[in-house]
Structures are given as structure tokens and as C-alpha cells.
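Trainee: I'd like a close look at the disulfide question in this model, please, and then a walk through the parts of the fold that go with it. How many disulfides does the structure hold?

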Amino acid sequence: MIRSILVDDEQHCRESLSATLNHNFPEVELLAQCTSIYDGENAIELYKPDLVFLDVELPPYTGFDMLKKIGTISFETIFTTAYDKYAIRAIKASALDFLLKPVDKEELGEALEHFKQKHSKSNSQEKMEVLFENVRQMRDPLRKLMIPTQDGFDLVSVSDIVRLQSDNNYTNFHFADKRKILVSKTLKDFDDMLSGHSFFRVHQSHIINLHYVKNYLKGEGGVVMMQEGTEIDVSRRRKEEFIKSLESL
């Protein structure tokens, strides 16, 4: 059984998620439903859950505030939220799961499957530390990124990423120190995450860090030369936006 608690200040959201869990996921034992960060903190202390479903907005506080108060994190967290691109970006960059309200049964099932595959108490604490740093900078460029690897997670500085290259359902990360990491996520996952942070998707198969551009050669779409020597084609339909992005650095 997956011992869990739910923290959400909206009654209809608690009832909906609880019903979806009860009807479809009998392996999840919902031990408590909490309406505030204080109730949530007490329930975590009492029940020591494996998993917490946590609303991002808990006026006048946030779910992030509750996690900071707890200190040592020994459980996984799945955030529930109405759409806030900045909060979602901070969550995704920390390798944590989130569910958009109203919660979809299939997406809930996927998040629970991720939990079963990746739950680790040490990873939980590391991911929270990255989350807190990204939340502090929520409307500014991301500082840290946790990327899943075969053995766990790698914590990387976003500023060290030179480019990302698609490899079917995988993504190759290339770093300034010549390191490479192959990640079992699509390029689109990272496009959503890094968009607006000096990264630009110049082609279907490539996202580049604009700070590592050496020069640009004009053409139908053109070719960009990176500082480490890689030449990358620029899609014709992305050319104009790409040039504007370079000019605005």
C-alpha cells in the first residue's frame, strides 16, 4: 500500500481526487485530508506518509511554504495546481510530478507509476532542495535542473548546458565541460521547461543555449556555430524569432 495524505483548501478538489483514488487506485491508502499547511504538517508528522498530494496555492501560503517548514523530506510529493507556468516550471525542473486541476484519471495513474518506479527518500530530499532554489527564483531564469539518469538523478547548473539534442524519445545533454548525459525524456519536455531562459529551439531536434553561440551564418534558415565547434541548422520558420532572441540577449 502507498500511504498518502492530501492537502488542499478546496473541498470539491479534495472530494474529487479522493473519489478518483478510491475508485481506481486501491493501492493508495488516503490517511488524511487536510485544508491548510498547519493540518498538513501535523498529518505528515503523525502518519509519516510515503506520498503527499499537495496543492500549490493554500492561501495565505503555498504548498512550498509547508515543505520548507517540515525540513527533512522523507516522502514523495505530487503537486496539484491550476495552471501557473512559473510554479510548474519550478516543479518540473526539480524532477517532481504535478497534476493540473481538475485531476485527470490517466494523468494521476502516470504520476503514481512514476512514484512506484522512482521513490527514494534520499532523492526526495535532493529534489526538494532543488525545488526550493528554483521557487526562490520562480520568475527569473532557472538555476538548477535535476535530470533523471539510469542510476537516479543528476543535479546540474542550467548555465553549464550548451545544447540539447533529440534522440527519438531520449535527449542528449551537452555541457560546457564536454560532459554528455542521455536522458529518457523527450526534447519537448525540456523545451517547455527552459523556454524563456536564454534557450532557443532552433530546429526540431535541437535546443541551444544562446550564451554559447559563436556566430550565425545566413541562409534559408541559416547555420549557428556553437563555441564548442558544433554546427546546427536553424529551421527556416524559426529563423526570424531566433535572430530576435540573439539581439535581445
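Mentor: Let's begin with what we are looking for: a disulfide is a pair of cysteine sulfur atoms within 2.5 Å. Keep in mind that this is a predicted model. With that cut-off in hand, the count for the structure is zero disulfides.

Take C34 to see why. The closest cysteine sulfur to the sulfur of C34 belongs to C13, and it is 15 Å away, so a bond is ruled out by distance. Starting from the other end, C13 has C34 as the cysteine with the closest sulfur, again at 15 Å, which is too far. Both side chains are hidden, though. C34 counts as buried because its relative accessible area is 5%, and C13 is buried as well, at 15% relative accessibility.

Where do these two residues sit? C34 falls in strand β2 (28–34), one of the elements that give two or more residues to the largest nonpolar core. C13 falls in helix α1 (residues 11–24). Let's follow each of these leads in turn.

First, the core. There is a general idea to hold on to: in soluble globular proteins, nonpolar side chains tend to be buried together. In this model, the largest nonpolar core has 26 residues, and those with the most contacts inside it are I5, V7, L54, F64, L67, F79 and L131. Besides β2, the elements giving two or more residues are β1 (2–7), α2 (37–47), β3 (51–55), α3 (63–70), α4 (85–93) and α6 (121–136). Among them, α6 is the biggest giver, with four residues. L131 is a good residue to click on: leaving out residues up to four places away in sequence, it touches F64, L67, F79, A90, I91, S94 and L96. A separate second core, of 18 residues, includes A93, V158, F190 and M193.

Now the helix that holds C13. Helix α1 packs with helix α5 (residues 105–118) at an angle of about 70 degrees, and their axes are 11 Å apart. An angle like that makes α1 roughly perpendicular to α5. On the α1 side, the contact is made by L17, T20, L21 and N24, and on the α5 side by K105, L108 and L112.

The stretch leading to α5 has a feature that is easy to miss. P102 is in the loop between β7 (97–100) and α5, and a cis peptide bond joins K101 and P102, with omega about -10 degrees. Another cis peptide bond joins P59 and P60, where omega is about 5 degrees; P60 is placed in the loop between β4 (57–58) and β5 (61–62).

On the other side of β7, look at A95, in the loop that comes between α4 and β7. Its phi is near 60 degrees, a positive value in a residue that is not glycine. A95 is partly exposed, because its relative accessible area is 23%. K178 also has a positive phi, near 80 degrees, but K178 is exposed, with a relative accessible area of 58%.

So, back to your question: the structure has zero disulfides, because C13 and C34 hold sulfurs that are 15 Å apart, too far for a bond.

Technical notes:
Residues numbered from 1 in each chain as written. Heavy atoms only, no water. Core = buried A, V, L, I, M, F, W, Y, C linked by side-chain atoms within 4.5 Å. Buried < 20%, exposed > 50% of the residue type's maximum accessible area, 1.4 Å probe, protein only. Contact = heavy atoms within 4.5 Å. Axes fitted to C-alpha atoms, helices over the stretch in contact; angles between N-to-C directions. Parallel < 35°, antiparallel > 145°, perpendicular 65-115°, else oblique.
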